[in-house]
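Please open the model in your viewer and keep the sequence panel beside it. The stops below are meant to be taken one after another, with a new selection at each.

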Amino acid sequence: MSEAAIHTRGLTKRYGRTIGIDDLDLEVRRGEIFGFLGANGAGKTTTIRLLMGLLHPSAGGATVLGADPWRDGPAVRARMGYLPGELCLYEHMTGAQLLDRLGGLYPAPPSRRDALLERLGLGADALRRKARTYSHGMKQKLGLVLALQHDPELAVLDEPTEGLDPVVRAALRAVLRDARERGRTVFYSTHNLAEAEDMCDRVAIVRGGRMVVVEDVHALAARRWHRVEVEFADGAPVEALAALAGVTVEEWDGARVRLRATGDVAPLLAVLAAHCPLRLQVHGATVEDLFLEYYRESAA
Amino acid sequence: MGVMVLMLITFGMWKGLSGALTEMYFLLPDELRLALEAHGAQWTTLMGYLGLVYQHPVPFTLLGMSAIGSAARAIAGEVEVGTADLLFTRPLGRGTVLAAHVAGALARLVVIAGALPTGVALGATLTHQWELVDFGPCVAAAAVLGALFACVFGYALLFSALARTVTTVYATAAGLTVTLYLTSFLAEVKPEWEPLKRVTPFGYYRVQGLLSGERPAWPDVAVLLAATAASVAAAWVVLRRRDL
């Protein structure tokens, strides 16, 4: 039980001349929620498909729960739960049939099913309907129940919040934290930086099929910056703003100023409030911004 | 059901028109009659007339659609629709999934091929013509027909293991099936093409010989099932190694 939940070494997948992922080294500890962060096309889904034994690596290898997912596929997958990025259900079956038949393939009973259905808000009426009548959000909820109902040791979730409303997202966060409390591991793939920060303990960032960095989520949050655009009635207090720690003035045009703010934003808000801004816009950094940040650092 | 209805129509027609049909048969030009007999088609006896139904486009089409459709949906269909991600990420071996599809497809073929002798029994009972029917050969011919389309399913399954879309499987498997059928037909009517009968599965389905009891079914069934097993094994090897 001491080995990592997921361990990859030099994991590579090529599709002809196109590289899906390249030389990926990764270690996911047991009992953590591990974020796998990258823009669309970064190689997240390819990595997940390799971990699930759907793809054969071109080079390198992976162990999942101590076994090779390609060679020992059924035995490994019996201890895993999986939500695909693009969930396609057998549309002629009802939700209940899908849960019973696919859940029945696992040796473990679906001990978490009822609790999950309740927390994610998937009622008995919905389960009686055929999957073809489901909205995207309902399909996603059913996919989450399918992935987690047998309380797997390792859940691999590819973009799990796609199509979910904020209430259900919050419920999912609670579900995953409960799973972590029970010692379960979650591999959580997303392209959304804020979501990764919110849900995960550690985060790996991938870009162009290569690993950029693996960081603790608190370190990631400390690096994260916001772009702030403010317009004042009587001219921007540029000197006061530039003097603040973690604030860089990027552009200044008399009454308007554009800033980049990192870390604690309370002093910035105090200065802004004291000068009565007319308009304020805040943009969070994207995963691409974060990648460029790391890239600049490594180049420097 | 379609096959059974066809068989009932056959018995009904034979009961009412057997004399006229026999008369008409002997009015045909000798060359045409010989060509029909060479192809195993003659209707001067009820068993000979049944031979026409055993080669009728209805059972052939139903069996072909079932064989190729089952194979196409088995792997390429799951990949194309996206349900492969749902199925192959469960604790199931790829061989298990393949075996389940093979079992299902063979069961469907048994039902469709079995409708032929079932229709014979029903028709003979309803039209009171049991004395003209030799039931054992009817079952034997249906067994060879089922094995023939199991063979079609086998190579279609191999295409399915290689392909990513159902359309590709339908196109290649249907094209090959028509080619193999035409090869068999030409091998029957052109003596110099006769050796080609051995390389097409349709060459192992000789209805008149089977229905007359002159030819045992088991050697042909054995050859066709061996070819099926070889194709399924090849499909398994491909599926085991392929990316999904």
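Begin by selecting residues 202–207 of chain A, which make up strand β8(A), together with β9(A): in this predicted model the two strands pair in the antiparallel sense over six bridges. Within this pair, show R207(A) and look across to β9(A), where R210(A) stands opposite.

Next, widen the selection to the open sheet of chain A, in which six strands follow one another in the order β5-β6-β7-β3-β8-β9 with mixed pairing. Which strands stand at the edges of this sheet? They are β5 (80–83) and β9 (210–216) of chain A, and because each has a single partner strand, one side of each is left without a neighbour in the sheet. If you look from strand to strand, neighbours are turned by 15 degrees against each other on average, with direction ignored.

Now add the helices that lie against these strands. Helix α6(A), residues 136–148, packs on the sheet and touches β5(A) and β6(A), the latter being residues 154–158, while the direction of the helix makes about 165 degrees with that of β5(A). Helix α7(A), residues 166–181, lies across β3 (33–37), β6 and β7 (185–190) of chain A, and runs at about 145 degrees to β7(A).

From the end of α6(A), move to D151(A), which is placed in the loop between α6 and β6 of chain A. Its phi is near 50 degrees, a positive value in a residue other than glycine, and with 19 C-beta neighbours inside 10 Å D151(A) counts as partly exposed. For background, most residues other than glycine have a negative phi.

A second residue of this kind is C276(A), whose phi is positive at about 45 degrees although it is not a glycine. Select the loop between α11 (266–274) and β13 (277–284) of chain A to find C276(A); is it buried or exposed? With 9 C-beta neighbours inside 10 Å, C276(A) counts as exposed.

Then bring chain B into view and select the contact between the chains, which takes 17 residues from chain A and 13 residues from chain B. On the side of chain A that touches chain B, helix α2(A), residues 73–77, gives the most, with three residues. By class, that side of chain A has 13 nonpolar, two polar and two charged residues.

Finally, zoom out to the whole of chain A, whose secondary structure comes to twelve helices and 13 strands. Its C-alpha trace spans about 70 × 45 × 35 Å along the principal axes, and 38% of its 300 residues count as buried.

Methods
Residues are numbered from 1 along each chain as its sequence is written. Chains are lettered from A and ligands numbered from 1 in the order in which they are written. This is a predicted model: local features need pLDDT of at least 70, side-chain atom pairs count only at pLDDT 80 or more; totals for chains, interfaces and linings use all residues. Two residues are in contact if their C-beta atoms, placed from the backbone, lie within 7 Å. Helices (H or I, at least four residues) and strands (E, at least two) are DSSP runs, numbered from the N terminus. Ala, Val, Leu, Ile, Met, Phe, Trp, Tyr, Cys and Pro count as nonpolar, Asp, Glu, Lys and Arg as charged, and the others, Gly among them, as polar. Two strands pair if DSSP finds at least two bridges between them. Axes are lines fitted to C-alpha atoms, for helices over the stretch in contact, and angles run from 0 to 180 degrees between N-to-C directions. A residue is buried if 20 or more other C-beta atoms lie within 10 Å of its own, exposed if 12 or fewer, and partly exposed in between; C-beta atoms are placed from the backbone.
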